[in-house]
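Colleague: Before we begin, could you take me slowly through the pairing of strands in this model, and then through one of its pockets?

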Amino acid sequence: MKAPTFEMNRRSFLGLGATAAVAAGFGLAGCSPQASSSAGEGSTASAAQTVELPVGAPKGTPKTATWCAVPEAIADVVEEKSFDVVVVGAGLAGLAAAATAAENGATVAVIETLSTYQTRGQDIGTVNSSFQKANGLEASESDINDMCLALQRYAGNRTDQRLYRVWGQRSGSDFDWWYNTMLEPKGYGIEIPRWPMEVEYDPVDGEWFPQFCNQQEFTVPEGEEAGMNGGFPGAVGELEAYAKEHGAEFFYEHRGRQLVRGGQPNGTEGRVEGVIAETSDGSYVKFTATKGVILATGDYGHNEDMMQAWCPSQAQLAIDTNVYPSTGNVGDGHLMGMWIGGMMQGIPHAYMAHGTPGSLGSDPFLLVDINGRRFTNEDIPGQSFSDLAEEQPQTVFWQIADAKYPEQLKWSSPTHGAQMSFSGDIDAWNAAIETGDKATIEAMLTEQGVNMQYAWTVEELAEGIHVDAATLQETLDRYNGFAHDGYDADFGKQAKRLWPVETPPYFYSSSGQWAFMLTMGGLKGTEKAEAIDAWGNPIPGLWMAGNVQGMRFAIDYPTIVCGLSHSLCLTFGRVAGEQAAAADSSETEHESVYAVWKEANPEGDAAGGAAPAGGGAPAGGDAPAQG
């Protein structure tokens, strides 16, 4: 299966840039945002216009977010199609959902904005796949618990740990289903980067950022050319082929615009019964889903308005250095889900923006800022470093190592972006260092794919990185003292990775590159991939997977499990597909006992009594005595 090519046939259909993409959606659909009455009679649309936001919009969404307001229902549908399950989005999550639902006997339609299926990256971080077990990476129940807790801590306890538990229990078998059923017969292989390690590694003991070795990558079949992402693009294509083999129909250049709930586009009661899609010629097709709809529309990294509102720290980076040029990811599923009563997780949303400190990757060599001062514990994964890099003066810093760095690499943590090994001849390297053989040193650097300069004295090093020599010497003396003492009194880096910088030449490289990839916030739901309403009840007929699914990540993307996003896409795509295929289409509402009680007792507190006055002591009484 060849990797897909990405092209856009109709600029206005796919988005005129991030901000215009949603605006175009309102215009093409004949949908104007619902302005609130507070705008005043005679007021005109402007940046200050306020709108009525959906119930599920996260707190902090601007009241002027016209792009978030529920649009008028699309009425001019020119064609209707009917299936058991409709999947919106043909990325990894959507394809896994479609293949699973079709395999389980459902008739399936997949609609996708762009002209082919979507694939990104190459890592997939699972637990207890057959390949992992065979290579000594079998996780016990206790290990799984450690992973889930570490992920929950990383997210500041703002994620739904139940989702991690589902991943921990079944991601390995979901991976095996994909590989054994579709990939192994076609000649794909598996490899585990940075494993086995040359030295013993405990992912929990003593690690500031525990790094769990869950990452797997696909190799291409013999005779095929591997691109930057190895066998992953082709492997995703095999999911599409498998779904088609089981009867799924694909409708590319069909952009999901509005969900149909209770018989109404953007309805807020009853069962989700379908979705209205816009074709590349601007016409509308209604896809009826007798069992339900699965949203797998990806993130909103190409929607500038949503980025400014929900992920503002990355808004400019998303414009400047978005790794994925496709404009298909503009938050369609997020909006459609909210418009029918779904709830968005709190903001700001997590994001993926990978980078490395320098040419030696994320391996923990000394880092100094533009003033020659150390500013961090260098033993951090690439994503976490990228967060800190943005805060440095002029966003410039330097990675520095000495001549012994090739022997030190093996002690690195197997973190995202780490090299961890030197594939050259160590004896030849050491001989070149001892004799000052510049030609051999430079040739071996080129062999390793490392773009570094070097200096034979601290003064030359200071000149090369444009800092004060005395300040740099002071930094090196202090750092080297920590290295020899085995204790980092400034930043707490582990002794086994406190490598002195004292054996010339001194190698250095400037600020590593980092780039925005995608956002990681989405709609709230259950461990069964169901979207939920304001009362926490599942919305009948609506499931979700991939980056439109919320509560998987918060604050930051946890590269402590490399490839976790892909694995969650696969697992919850499978979960959604299973659930949708088995759904009872007669189920139209979930009753909430609490909602019924609250409606009858609007002033009551959760304990069933009168609400306290002013948030303090109960009305008419004294504050309870402190025991």
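Modeller: In this predicted model, two bridges join β3 to strand β5, which covers residues 215-219, and the two strands run antiparallel.

Colleague: Which residue of β5 is the bridge partner of Gly-125?

Modeller: Strands of a sheet pair through backbone hydrogen bonds, either parallel or antiparallel. Here β3 and β5 pair in the antiparallel sense, and the residue of β5 that is the bridge partner of Gly-125 is Gln-215.

Colleague: Which strands stand at the edges of the open sheet that contains β3, β5 and β4?

Modeller: The three strands of this open sheet follow the order β3-β5-β4, with antiparallel pairing. Each edge strand has a single partner strand, so one side of it is left without a neighbour in the sheet, and the strands in that position are β3 (124-125) and β4 (189-191).

Colleague: What angle does the direction of helix α6 make with that of β5?

Modeller: Helix α6, residues 161-183, packs on the sheet and touches β3, β4 and β5. The angle between the direction of α6 and that of β5 is about 5°.

Colleague: Turning to the second largest pocket, how many residues of its lining are charged?

Modeller: The second largest pocket has a volume of about 480 Å³ and is lined by 26 residues, with Arg-261, Thr-268, Glu-269, Gly-341 and Asp-533 nearest its centre. Helices α10 (332-339) and α18 (593-600) each supply at least two residues of this lining. The lining divides into 12 nonpolar residues and eight polar ones, while the number of charged residues is six.

Technical notes:
Residues numbered from 1 in each chain as written. Predicted model: local features only at pLDDT ≥ 70, side-chain atom pairs only at ≥ 80, totals over all residues. Heavy atoms only, no water. Pairing = 2+ DSSP bridges. Helix = DSSP H or I, 4+ residues; strand = E, 2+ residues; numbered from the N terminus. Contact = heavy atoms within 4.5 Å. Axes fitted to C-alpha atoms, helices over the stretch in contact; angles between N-to-C directions. 1 Å grid on protein atoms, 1.4 Å probe; cavity = no way out; pocket = protein on both sides within 12 Å on 5 of 7 lines; lining within 4 Å. Points joined across faces, edges and corners; volume = space filled by probe spheres on them. Nonpolar A, V, L, I, M, F, W, Y, C, P; charged D, E, K, R; others polar.
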